[in-house]
Amino acid sequence: MSQLAKGIEVCNEESSGTRSHGAQGHGRNSGDLDHEIAQLTKLRSEPNEHLKKATVGGLKLPVSTLRMLAARESNYSGRGRFSLSDRCHVLSRYLPIYGPQKVDKMRSRAYISQFSADGSLFVAGFQGSHIRIYNVDKGWKVQKDILAKSVNWTITDTSLSPDQRYLVYSSISPLVHIVNIESAATVSLANITEIHDGLDFTSDNNDDSDDFSIFSVKFSTDGRELVAGSSDGAIYVYDLAANKVGLRIPAHEVDVNTVCFADESGHVIYSGSDDHFCKVWDRRCLSTTGQAAGVLTGHLEGITFIDSRGDGRYFISNGKDQSTKLWDIRKMTSNGQTFPRQRDFDWDYRWMDYPEEDRNLKHPHDQSVATYKGHSVLYTLIRCYFSLHIGEWSSSCQTQPS
């Protein structure tokens, strides 16, 4: 049985309470199995199969919370409790009643925020050259307080190594710095109390370092390489063992705002740029083709961030067009198609509201699997991440000058 089929069967079992019923329920015969994430998300958020049969005037209506509570007391599912999908269905109908709690406060703006892969650490980068790593499991205690080196305007990105021993950070600079966060000292002052090694990303193609910046940097899954997106439209892969840039890919015509590895193999890289395109790069083919493996069209403005699901197939992106999109690289094409629009002005997210007439526009050649709206990409650039649970994503903020 394929992984997709197993996932569907498990979800149906959760929803119905029995394996045999789940095999006959919604999902197998619905005809919408093209996209795994959309299907699993739908199955995990629907109520018990017995409750879904309720209709009024031939119309299917949302199952009321009162009805679901009554069904739980009557043990409709045969399990004596709400299933996971029942709980998701009920919770999705209510707003949180407890507001956010302040964890910490600094004197400068926080532009970077990200959980570690296991959720035990939280990294926050501030404009005032500070990076703080909080231990979530210990009540958000500051585990490492880093005063970064050579920060120009702000820290543009950070990345934890897979073993959570090292942190790299970038700025409006050709240098990316790496620091050991496992040392005993809580405070890490660059090259005063601890060494912050500088990794130089300049090459023969960008000799003028004053105009060269690193906007995005990520560790590979094995921790041996870094991938970076830059202001010269290129993607760089840095070999940490050799301590040098091992690969430069001329990827886009303008700034590469975001890059990441697709999966643990390290062969495939995703990139997003201010040219509105997401691109897929296969390092195994670059020596012969020199071209992207594919292009994904759909965003109407520049891409602010990309995060991979880690399966080499799905990733999400956030754009200045006020939307987050889910992509399946099996839908990519060899060439992206632009969507020309006439404006009397050049819109800039840093100090202008997004044009009302553009909010409901859809790219005529949109290849995304799903589009999510409701947040605003104004004054700061929003980052989006997959959570540890299939089909879920979250977002956080950063700002960069362009």
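**Charge pairs, a buried aspartate and two enclosed spaces**

Arginine 341 is partly exposed, with a relative accessible area of 23%. In this predicted model, the side chain of arginine 341 forms a salt bridge with aspartate 358, and the closest N and O atoms of the two are 3.1 Å apart. Both residues sit in the loop between β22 and β23 (370–373), yet 17 residues separate them along the chain. Aspartate 358 is buried, at a relative accessible area of 7%. A neat further detail is that Glu301, Arg341, Arg343 and Asp358 belong to one network, joined by salt bridges that share partners.

Side chains of opposite charge can pair when their charged atoms come close, and the structure as a whole holds 21 salt bridges. One of these joins lysine 218 to aspartate 157, with an N to O distance of 2.7 Å. This pair links distant parts of the chain, since lysine 218 belongs to strand β12 (residues 214–219) and aspartate 157 to strand β7, 61 residues apart. Lysine 218 is buried at a relative accessible area of 10%, and aspartate 157 is buried as well, at 0%. Another salt bridge, between arginine 359 and glutamate 356, has an N to O distance of 3.3 Å. Here arginine 359 is partly exposed at 27% relative accessibility, while glutamate 356 counts as exposed at 59%.

Aspartate 275 offers an instructive contrast. This residue lies in the loop between β17 (268–273) and β18 (278–282) and is buried without a salt bridge. The nearest side chain of opposite charge, that of lysine 279, is 4.7 Å away, whereas a salt bridge requires the atoms to be within 4 Å. The side chain of aspartate 275 does have polar partners: a polar contact of 2.7 Å joins it to the side chain of histidine 252, and one of its polar atoms lies 2.9 Å from the backbone nitrogen of phenylalanine 277.

Turning to the empty spaces, the second largest pocket encloses about 370 Å³. Of its 22 lining residues, Asp274, His276, Leu300, Glu301 and Gly302 are the closest to the centre. The lining is made up of six nonpolar, eight polar and eight charged residues.

The model also contains two cavities of 30 Å³ or more, and the second largest holds about 30 Å³. Its lining consists of Lys149, Ser150, Val151, Tyr169, Ser170, Ser171, Ser173, Leu175 and His177. Strands β8 and β9 (175–180) are the elements that give two or more residues to this lining, and β8 gives the most, with three. By class, the lining residues of this cavity divide into three nonpolar, five polar and one charged.

Backbone geometry adds some points of interest. Most residues other than glycine have a negative phi. Two glutamines nevertheless have positive values: phi is about 60° at glutamine 164 and near 70° at glutamine 322. Glutamine 164 is found in the loop between β7 (155–160) and β8 (166–171). Glutamine 322 occupies the loop between β21 (314–319) and β22 (323–328) and counts as buried, at 5% relative accessibility.

Finally, alanine 110 is part of strand β3 (residues 110–115) and is partly exposed, with a relative accessible area of 46%. The C-alpha atom of alanine 110 is separated by 9.1 Å from that of isoleucine 131, although the two residues are 21 apart along the chain.

Note on methods: Residues are numbered from 1 along each chain as its sequence is written. This is a predicted model: local features need pLDDT of at least 70, side-chain atom pairs count only at pLDDT 80 or more; totals for chains, interfaces and linings use all residues. Side-chain values use heavy atoms; hydrogens and water are left out. Helices (H or I, at least four residues) and strands (E, at least two) are DSSP runs, numbered from the N terminus. Buried means under 20% relative accessible area, exposed over 50%, partly exposed in between (1.4 Å probe, protein chains only). On a 1 Å grid over the protein atoms alone, a cavity is a set of points where a 1.4 Å probe fits but cannot get out, and a pocket is an open set with protein on both sides within 12 Å along at least five of seven lines; lining residues have an atom within 4 Å of a point. Grid points are joined across faces, edges and corners, and a volume is the space filled by probe spheres set on the points. Ala, Val, Leu, Ile, Met, Phe, Trp, Tyr, Cys and Pro count as nonpolar, Asp, Glu, Lys and Arg as charged, and the others, Gly among them, as polar. Lys and Arg count as positive and Asp and Glu as negative; His and the chain ends are not counted. A polar contact is a pair of N or O atoms within 3.5 Å; within protein, one must be able to donate a hydrogen and the other to accept it, and residues adjacent in sequence count only if both atoms are side-chain atoms.
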